[in-house]
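User: I would like to go through this model label by label and see what each one rests on. Please set the values against the cut-offs wherever a conclusion depends on them.

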Amino acid sequence: MTAPLSHYYIYTGHNSYLTGNQLSSDCSDVPIIKALQMGVRVIELDVWPNSAKDNVDVLHGRTLTSPVELTKCLRSIRDYAFCASPYPLVITLEDHLTPDLQAKVAEMATQTFGDMLYYPETDSLKEFPSPDSLKNKIIISTKPPQEYLKSKNSKENDSQKEKDASDEETWGKEVEVQKSELEADDKNDQGQDEEDSDDDDDQSLQQISAPEYKRLITIHAGKPKGGLRDAVMVDPDKVRRLSLSEQQFAKAAASHGTDVVRFTQQNLLRIYPKGTRFTSSNYKPLVGWMHGAQMVAFNMQGYGRSLWLMHGFFRANGGCGYIKKPDFLLKAGPDGQLFDPKKSFPVKTTLKVKVYMGDGWRMDFKQTHFDAYSPPDFYTKVGIAGVPADTVMKKTRTIEDDWTPVWDEEFSFPLTVPELAVLRIEVCEYDISEKDDFGGQTCLPASELRSGIRAVPLCDRKGMKFKSVRLLMRFEFV
């Protein structure tokens with residue numbers, strides 16, 4: 001944990017104050033507390049003037065979301081910041097404030113956090129500090145106010161209509177999760193992302209901002225100016241954080257993939273969900289991780305396979321919210337070449353997974369939960385999420401009418417980049433007339449699996465462990 005922050009994947013939330021959808025749900029400190037209890041290390045707050053323009057609220061601007069006072073959020077962050085991990089907590093601010101309110105935020109943060117608040121002596125950093133050196137510290141990341149103003153006229157209006165690649169090709173339909181939620185964003189994929197819409201007309205923002213506010217910004221952030229290739233250019237004299245929407249990042253990865261990898265060796269890259277994900281659904285995180293993006297920002301209330309994968313990935317390294325990136329993403333190879341996610345690689349190892357049996361549903365579910373008149377018909381899906389060559393899904397046969405199914409089936413998964421592979425496990429109950437029912441899931445980082453026979457606990461749709469449901473499995477690397 002002694003390398004610079006840019007060498008780690010960081011457990012990152014998006015619009016951390018929202019209790020539900022992006023348009024009309026309540027803003028609250030409750031989802032912030034839940035995220036911190038799960039080990040999330042980056043909390044995002046959108047800060048706006050309140051209706052009287054004399055205080056600061058947290059809300060999703062230009063929507064029907066009801067506000068929560070910033071002071072309430074800051075106090076909850078202070079109280080829960082290190083309940084799950086001692087490593088630094090980053091607060092990313094989407095700032096829509098006038099200079100006098102920026103000064104008020106600086107005063108609030110200083111008074112609330114006290115010695116917990118870290119900020120550097122210099123205006124810009126040549127290298128980020130390490131997680132170890134920032135233990136039990138809170139740091140703030142946002143655009144320096146003057147940069148915020150300059151960037152207003154240079155934002156990129158990303159209105160290209162595009163269709164997300166469907167996860168169904170690999171995994172089949174999402175079980176017992178509203179598919180309409182996952183697809184709503186695809187049908188309305190025109191227009192700007194909400195975080196690119198910093199188009200306040202308040203001329204007072206053009207004044208010189210409060211110096212005490214600017215001083216508290218440890219990680220200077222910004223959105224792309226000019227083309228995407230310019231955005232990921234490395235400045236040898238300072239490090240920074242760049243924010244890209246998922247569409248902008250997809251374009252950058254497709255056309256400048258190795259430039260993105262080079263940028264993330266020293267700088268922080270944050271990817272956030274596109275603005276049309278009104279239902280708080282999430283995107284696939286692997287593309288970001290493959291290119292070294294540290295802050296793949298997720299809606300922590302957007303339950304579904306993408307979030308399950310995020311939960312599983314950050315189980316690594318003791319669940320502390322920081323995971324060291326693989327060496328090939330941190331430095332060039334012996335011939336000076338950078339890692340290129342588009343290239344194919346030889347198989348490094350093969351993970352063999354045997355699914356023996358499952359048990360515990362009869363304790364955790366009502367007798368009639370799956371079928372009104374007979375025991376359930378369970379099958380297990382086992383697969384890998386990783387680089388495209390490693391991504392696959394397989395499944396067992398269905399065992400009919402049995403609360404304690406015995407499958408006794410083995411699967412082999414050749415892995416070309418095992419460092420980024422996550423084992424995905426999902427149990428479903430086959431239903432001939434309707435959609436299959438959800439019976440449990442978990443995701444486990446392949447890098448932390450150990451050979452042997454294991455009892456693997458399964459989780460519900462929100463990622464909470466069932467009391468009793470488990471699979472008996474064997475893992476083996478050959």
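User: Which residue follows H1, and what is the sign of its phi?

Analyst: This is a predicted model, and in it H1 is followed by glycine 39, whose phi is positive, near 100 degrees. Within helix H1, which spans residues 30-38, the buried residues are Pro31, Ile32, Ile33, Ala35 and Leu36. Their cover includes E3, helix H2 (70-80) and E6.

User: What makes strand E6 count as largely enclosed?

Analyst: Strand E6 covers residues 89-95, and seven of its seven residues are buried, so the rest of the structure largely encloses it. Leu89, Ile91, Leu93 and Asp95 point one way from E6, while Val90, Thr92 and Glu94 point the other way, and all are buried.

User: Which strands are joined to E6, and how do you know that they pair with it?

Analyst: Two strands pair if at least two bridges are found between them. Strand E3 (residues 42-49) is joined to E6 by six bridges and the two run parallel, and four bridges join E6 to strand E7 (residues 138-142), again in parallel; both counts meet the requirement of at least two, so E3 and E7 each pair with E6. On the E3 side, isoleucine 43 has isoleucine 91 as its bridge partner in E6, and on the E7 side, leucine 89 stands opposite isoleucine 138. Together with helix H3 (residues 99-113), E6 and E7 make a right-handed β-α-β unit.

User: Why is threonine 12 called buried, and what does it touch?

Analyst: Buried means under 20% relative accessible area, and threonine 12 has 0% relative accessibility, so it counts as buried. Threonine 12 lies in strand E2 (residues 12-13) and, leaving aside residues up to four places away in sequence, it touches Val40, Val42, Gln294, Met295, Val296, Ala297, Phe298 and Met300. The side chain of threonine 12 also reaches the backbone oxygen of isoleucine 10 at 2.8 Å, which falls within the 3.5 Å allowed for a polar contact.

User: Is histidine 220 buried or exposed, and how do you know?

Analyst: Histidine 220 has 14% relative accessibility, and because the limit for buried is under 20%, it counts as buried. Histidine 220 belongs to strand E8 (residues 217-222), and its side chain reaches the backbone oxygen of isoleucine 217 at 3.5 Å. Apart from residues up to four places away in sequence, histidine 220 touches Asp123, Thr142, Pro144, Arg240 and Arg241.

User: What makes the contact of glutamate 246 with arginine 277 a salt bridge, and which parts does it tie together?

Analyst: A salt bridge needs a side-chain nitrogen of Lys or Arg within 4 Å of a carboxyl oxygen of Asp or Glu; the side chains of glutamate 246 and arginine 277 meet at 2.6 Å, N to O, so the pair qualifies. Glutamate 246 lies in helix H9 (residues 246-266) and arginine 277 in the loop between strand E10 (268-272) and helix H10 (286-290), so the salt bridge ties together parts that are 31 residues apart in sequence. Both glutamate 246 and arginine 277 are buried.

User: How do you know that glutamate 426 and lysine 381 also form a salt bridge?

Analyst: Their closest N and O atoms are 3.7 Å apart, which is within 4 Å, so the pair counts as a salt bridge. Glutamate 426 sits in strand E17 (residues 422-429) and lysine 381 in strand E14 (residues 378-385), so this pair ties together parts that are 45 residues apart in sequence. Glutamate 426 and lysine 381 are both buried.

User: Why is arginine 362 called partly exposed, and what is its salt-bridge partner?

Analyst: Partly exposed is the range between the buried limit of 20% and the exposed limit of 50%, and arginine 362, at 42% relative accessibility, therefore counts as partly exposed. Its salt-bridge partner is aspartate 359, with the closest N and O atoms 3.5 Å apart, and aspartate 359 is itself partly exposed because its relative accessible area is 24%. The structure holds 13 salt bridges, and Arg229, Asp259 and Arg262 are linked in a network of them.

User: Why is there no disulfide between cysteine 27 and cysteine 73?

Analyst: A search of the whole structure finds zero disulfides. Cysteine 27 is in none, the nearest cysteine sulfur being that of cysteine 73, 8.2 Å away; a disulfide requires the sulfur atoms to be within 2.5 Å, so this distance is too far for a bond. Cysteine 27, at 7% relative accessibility, counts as buried, and so does cysteine 73, at 0%.

Notes: Residues are numbered from 1 along each chain as its sequence is written. This is a predicted model: local features need pLDDT of at least 70, side-chain atom pairs count only at pLDDT 80 or more; totals for chains, interfaces and linings use all residues. Side-chain values use heavy atoms; hydrogens and water are left out. Buried means under 20% relative accessible area, exposed over 50%, partly exposed in between (1.4 Å probe, protein chains only). Contact means heavy atoms within 4.5 Å. A polar contact is a pair of N or O atoms within 3.5 Å; within protein, one must be able to donate a hydrogen and the other to accept it, and residues adjacent in sequence count only if both atoms are side-chain atoms. A crossover is right-handed if, with the strands pointing away from the viewer, the path from the first strand over the helix to the second runs clockwise.
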